[in-house]
Amino acid sequence: MLSAQDDFIGHQLPTTFDHVMNSDPSWMERYWYTGHPKPDGDFIFDVGLGWHPNRNVMDGFAGVTVDGRQHNFRVSRRMRPNPLTTSIGPLHIQILEGLRRHRLLLEPNESSLAFDLEFIATMNPHEEEEHFRRRNGRVTEHMARAQQLGAYRGWIEVDGKRRDIEATRWIGQRDHSWGIRGEMRTDETSPPVTFYPPFFYCWTTAQFANRGLHLFFKERAPGDLIYISGEEVTTIGERSKTTRKLAGIAHDVVWADDAHGQTVERAVFDAVFSDGTHRKVKVRALPARYFLKGGLYGGLRGWFHGDDKGKFYSEHDVWTLSDPATRRLVRTLADHVIEVVDGDEVGYGIIEYGVGKGYEKYAEVQHHPPI
C-alpha cells in the first residue's frame, strides 16, 4: 500500500515502502534507546519500538528502574493502515534530524510512566559488523545494526514525580537494527524455548568527554570468538584520521554476590584495535539496571515480539527487584549502568552480558539463566 514515505527517493524494491526484501516473519526493524544520569548511575530508562512488516504488527515498550523498582509499559498495534507511523497509542518516536536528534514521547496513560525526551547525538554513529547465521541450512539471522552515543533533555514522570532531564548530566545510547533477527525465546511458560550452546556474550558502550567506545563480542569458549564488533568513535561531525576498530579482546569479570541472578560487579577488558593499539578498559557496575524482559525480550507470559495482540493492546506493571520470584522471571538480560576507566579518562555507559552453561570460565554464575 502507498504511504507518504513513497513520495521520497530511496526505493530499493519494485514495491511500496511497507514491504521488505522477503516474507520471513522474523524480518523486523527496531529502535532502542536508554539513558541514565552521571556520575551516580542510580536511574535508567529504556524505550523501544519494533516494526514487523511480515506480521502486520508494531510493538513497543518504555521502562524505568529507580529505587529498586522497575516500571514497565508495553504496547502493540496492527501496523496497517499506518505502516510507517512510529506511534503506538501514547508512545511516539520521531526522527527530528537523522543521526542528530530524536524525540521520545510517552503521553499520560494508565501506567506510572510518562515522558518527553530529546536524544541529542554527541558522537558519530558506529556501524556494527554484519550479523549472519544459518541453522540447518536456513538463514536465521541476517541483520544490520548501528549504534550512537548522545545526551538527553526533557522530563520523565514516575508515579507522579517529575524529573527534569538535563543534557549536561543525562547521557545514553541508542541503536537501530533491521533485517532477519534470530529468534530468542526464554519464556518457559510458552515452550519451546531457544537452545543455547555454551557461550559468553558482552556488549559495552562508554562515553567520554571527546570520544566514545563500543565493544561487542560473543564466545563459545574463552578466546574462541564467534562475533566481534566495536570501534572508538569521535565527537559528532569530527572526522578522525585514524580508524580504530576492535580487532581482539580478552576479559576478566568479577561477579557480584547475588543469590538471584548473574550480576557483574566489575570487569577488565584488554582490547586490541585495528591500528595496533592496546587498551585496558576497566568497568565498575553502578546500581541501576533495566531488565529487558520488561520490553518482551525473550518473551513474557506468552507474549513475544511481533505477536498480533489485536488492533491495539497495552499493559503495564511494576517489579520489586529485591523479590526472588521477580528475579527468576526477569532472568539476566539487562542494560546495566557502568563507570568506565580508560587510561586517565572516566566515562559512563551500559553493559549487557550473559554466561551460558558449559562455558569454560565463570562457572560460579552458570546456575542462573544467562538470557
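**Exercise 1. Charges over rings**

Task: Find the ring under the charged end of K309.

Solution:
- Start at K309. Its charged end sits over the ring of Y313, 4.7 Å from the centre of that ring. (The test: NZ of Lys or CZ of Arg within 6 Å of the ring centre and within 35 degrees of the ring normal.)
- Now take K218. Its charged end sits over the ring of Y227, and the distance to the ring centre is 5.5 Å.

Before going on, note that this is a predicted model, where local features need pLDDT of at least 70, side-chain atom pairs count only at pLDDT 80 or more, and totals for chains, interfaces and linings use all residues. Residues are numbered from 1 along each chain as its sequence is written, and side-chain values use heavy atoms, with hydrogens and water left out.

**Exercise 2. The salt bridges of R74**

Task: Name the acidic partners of R74 and say where they lie in the chain.

Solution:
- Count for the whole structure: 27 salt bridges (side-chain N of Lys or Arg within 4 Å of a carboxyl O of Asp or Glu) turn up in the search.
- One partner of R74 is E315, with closest N and O atoms 2.9 Å apart. This bridge joins strand 4 (residues 69-78), which holds R74, to strand 20 (residues 312-320), which holds E315. The two residues are 241 apart in the chain. (Strands are DSSP runs of E, at least two residues, numbered from the N terminus.)
- Another partner is D317, where the closest N and O atoms are 2.5 Å apart. Again strand 20 meets strand 4, here across 243 residues.
- Check exposure. R74 has 0% relative accessible area, so R74 is buried. (Buried is under 20%, exposed over 50%, partly exposed in between, with a 1.4 Å probe and protein chains only.)
- E315 stands at 21%, so E315 is partly exposed. D317 stands at 16%, so D317 counts as buried.

**Exercise 3. Another bridge, and a network**

Task: Is E118, a partner in a salt bridge with R153, buried or exposed?

Solution:
- First the contact. The side chains of R153 and E118 meet at 3.1 Å, N to O.
- Next the location. R153 belongs to strand 11 and E118 to strand 8 (residues 113-121). They are 35 residues apart, and the pair links distant parts of the chain.
- Then the exposure. E118 is buried because its relative accessibility is 12%. R153 is partly exposed because its value is 42%.
- Last, look for a network. Salt bridges link R211, E232, R244, D275, R279, D342 and E345.

**Exercise 4. Ring against ring**

Task: Work out which parts of the chain the pair F217 and F269 ties together.

Solution:
- The structure holds 21 aromatic pairs. (Rings of Phe, Tyr and Trp, its six-membered ring, pair if their centres lie within 6.5 Å; planes under 30 degrees apart are stacked, over 60 edge-to-face, the rest tilted.)
- F217 and F269 pair edge-to-face, 6.1 Å centre to centre, with 75° between the planes.
- F217 is in strand 15 and F269 is in strand 18 (residues 264-273), so the pair ties together parts 52 residues apart in sequence.
- F217 is buried at 1% relative accessibility. F269 is buried, also at 1%.
- Now W255 and Y362. They form an edge-to-face pair as well: 5.7 Å between centres, 70° between planes. W255 sits in strand 17 (residues 244-255) and Y362 in the segment after strand 22 (345-355), so parts 107 residues apart are tied together. W255 and Y362 are both buried.
- Finish with a cluster. Ring pairs connect Y31, Y33, F43, F45, F119, Y152 and W170.

**Exercise 5. The pockets**

Task: Describe the largest pocket by its volume and by the residues that line it.

Solution:
- Volume: about 1,500 Å³. (A pocket is an open set of points on a 1 Å grid over the protein atoms alone where a 1.4 Å probe fits, with protein on both sides within 12 Å along at least five of seven lines; lining residues have an atom within 4 Å of a point.)
- Lining: 49 residues, with E141, G182, E183, M184 and Y196 nearest the centre.
- Elements: those giving two or more residues include strand 1 (27-37), strand 10 (131-135) and strand 14 (200-207). Strand 11 gives the most, five residues.
- Now the second largest pocket. Its volume is about 830 Å³. It has 30 lining residues, and Q5, F17, E29, W51 and L84 lie nearest its centre.
- Here strand 1 gives the most to the lining, with four residues. Strand 2 (43-52) and strand 13 (170-180) each supply at least two.

Methods. Points joined across faces, edges and corners; volume = space filled by probe spheres on them.
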